[in-house]
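Hi,

Here is the structure I promised to pass on. Have a look at it first, and then read my notes below.

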Amino acid sequence: MHVDPIEKKPLNHFFPATSIFSIATTGCNFRCLNCQNWEISQKRPEDVRHSELFPADVVREAKERDTHSIAYTYSEAITYYEYMYDTATRAREAGLKNVLVSNGYINKGPLLRLAEYLDGANINLKSLQEGTKAALAAKKIQQTVLLPTLSVTYRFRHNYEEKSSFLFGVTSPQNQYTFVSTLTQPIFAGFSLVNQYEIAKMGLDGARYNEKLYRHNVIFEAKRAYFSLLKMQKLLEVSELAVKQLEAHKTVANNFYEVGMIPLNDLLKAQVELANIKQNLIVVQNGIDLAKSNLNLILRQDINAPIVIVDITSYTPFYKDIDYCLKQAEKNRLEIKMTDLDIRIKEKELKISKKDFLPSINLQANYYRLGTAWDAKRGSGISDPSSWEVGAVSTWNLWECGRS
Ligand code: SF4
């Protein structure tokens with residue numbers, strides 16, 4: 001339970017600047033990597049600190065905390081559907097608004113039943129968010145290549161025979177075990193580390209733009225299908241009216257013809273006009289069915305689900321010239337931003353490909369331990385069983401077959 005600002009759901013045009021009473025139980029029907037609420041979404045109820053609240057208690061708490069609405073959020077609200085439904089019906093009776101935050105993975109029947117009591121919803125598009133999260137993980141990985149690395153090596157060497165001298169005893173043992181631990185801090189890698197990090201950062205921006213673009217496209221498609229249906233409905237009204245008018249006209253023409261006031265040719269013309277407009281009416285009726293199916297498809301509903309859409313009667317004039325529109329499009333179109341990002345990424349990749357012409361420099365600290373047994377702790381013939389060294393190592397590949 002928590003009281004959040006409504007903008008955190010996030011809902012921006014729904015009772016702005018009010019507080020919302022947010023509740024969740026444990027559990028989710030997904031297992032997304034990088035889930036922000038994994039501590040509750042992937043746990044059982046008995047594994048977390050919790051309170052027992054009946055639906056009526058939730059409504060009472062929301063009112064006592066002076067909130068305007070209740071959010072079913074954090075984990076996945078669909079997993080506690082019955083509890084949410086009971087709470088939502090009571091909240092509606094008490095004059096509170098209901099908000100669902102969900103991954104949207106629910107069957108149509110229960111969704112429609114619940115929708116009667118919902119006032120707001122935020123459905124997250126998970127697959128694209130995975131793309132953004134993957135880019136975020138790639139960026140984090142690139143951050144780590146700038147940090148030092150610690151590695152260990154363990155070696156065993158077997159000589160053909162032990163070497164010894166009369167004065168010094170064993171000088172080179174037959175079996176030698178070596179343990180080396182190395183700490184490496186990259187100092188310079190031909191600018192490739194910084195550029196790789198920059199690319200990962202831009203990749204993250206690109207994934208975010210992509211996610212936004214997908215959302216915009218879904219909204220655009222839904223709006224287009226909605227207005228196309230609206231337009232067909234208007235056309236239907238006009239066509240029906242035209243049929244009525246031409247039917248009346250044909251009747252009048254028929255009467256005039258029967259009393260000899262007009263020639264047969266005029267009557268035939270009226271009949272043809274009526275036949276044409278009736279045909280047009282059939283085309284419009286088919287167009288309406290098509291527009292409804294299209295809208296159903298975009299809304300991911302049954303393709304034959306009945307749809308009645310509401311006309312939009314308010315009109316807000318748009319007093320902007322073409323230059324303003326072009327500037328706004330250039331500034332806001334995500335496709336342009338994504339193309340710019342692509343160019344910048346390619347420039348960085350070009351810089352990275354030049355890194356092989358330059359030397360790389362690493363700071364290295366090594367610690368050695370030598371011995372004649374597996375634990376590498378001295379032995380006969382080992383004069384210096386442990387040592388360390390610090391140095392800078394510069395590597396420059398002067399020629400590589402087929403790559404230089
Ligand atoms: S759907 Fe939401 S709550 Fe469930 S695992 Fe994915 S991010 Fe977490």
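Let me start with the ligand. The residues around it are Cys28, Phe30, Arg31, Cys32, Cys35, Asn37, Ser41, Ser75, Glu76 and Asn103. Sorted by class, that shell has four nonpolar, four polar and two charged residues. Please keep in mind that this is a predicted model.

Asn37 is a handy way into the next spot, since Asn37 is one of the residues in contact with Tyr74 once the neighbours within four places in sequence are left aside. The others on that list are Ser22, Ala24 and Ile40. You'll find Tyr74 in the loop between strand E3 (69-72) and helix H3 (81-93). Is Tyr74 buried or exposed? Tyr74 has 21 other C-beta atoms within 10 Å, and the cut-off for buried is 20 or more, so Tyr74 counts as buried. For a sense of scale, take Tyr74 and Gln279: they are 205 residues apart in sequence, and their C-alpha atoms lie 55 Å apart in space.

Gln279 brings us to helix H7, which covers residues 264-298. H7 has 35 residues and reaches 51 Å from its first C-alpha to its last, close to the 51 Å expected at 1.5 Å a residue. Which residues of H7 are buried? They are Ala270, Leu274, Ala291, Lys292 and Leu295, and what they pack against is helix H6 (192-258). Just after H7 comes Arg300, with a positive phi of about 55°.

Next, the sheet. Four strands form an open sheet in the order E6-E9-E10-E11, and the pairing is antiparallel. Its edge strands are E6 (149-158) and E11 (386-395), each of which pairs on one side only. On average, neighbouring strands here are turned by 25° against each other, direction ignored.

Here is how some of those strands are joined:
- E6 and E9 run antiparallel and are joined by ten bridges; in E9, Leu183 is the bridge partner of Leu150.
- E9 (residues 175-188) and E10 (residues 360-371) also run antiparallel, with eleven bridges between them; Thr178 has Leu370 as its bridge partner in E10.

How many of the ten residues of E6 are buried? The number is zero, so E6 lies largely in the open.

Finally, a few backbone details in the loops. Lys9 and Pro10 are joined by a cis peptide bond, with omega at about -10°. Pro10 sits in the loop between strand E1 (2-5) and strand E2 (19-23). Phe15 is found in the loop between E1 and E2 as well, and its phi is near 45°, a positive value in a residue other than glycine. Phe15 has 15 other C-beta atoms within 10 Å, so it comes out as partly exposed.

Asp66 has a positive phi too, about 60°, although it is not a glycine. Look for Asp66 in the loop between helix H2 (55-64) and strand E3 (69-72). Why does Asp66 count as exposed? Because Asp66 has 10 other C-beta atoms within 10 Å, and exposed stands for 12 or fewer.

That's the tour. Happy browsing!

Key: Residues numbered from 1 in each chain as written. Predicted model: local features only at pLDDT ≥ 70, side-chain atom pairs only at ≥ 80, totals over all residues. Near = placed C-beta within 6 Å. Nonpolar A, V, L, I, M, F, W, Y, C, P; charged D, E, K, R; others polar. Pairing = 2+ DSSP bridges. Helix = DSSP H or I, 4+ residues; strand = E, 2+ residues; numbered from the N terminus. Axes fitted to C-alpha atoms, helices over the stretch in contact; angles between N-to-C directions. Expected span 1.5 Å × (residues − 1). Contact = placed C-beta atoms within 7 Å.
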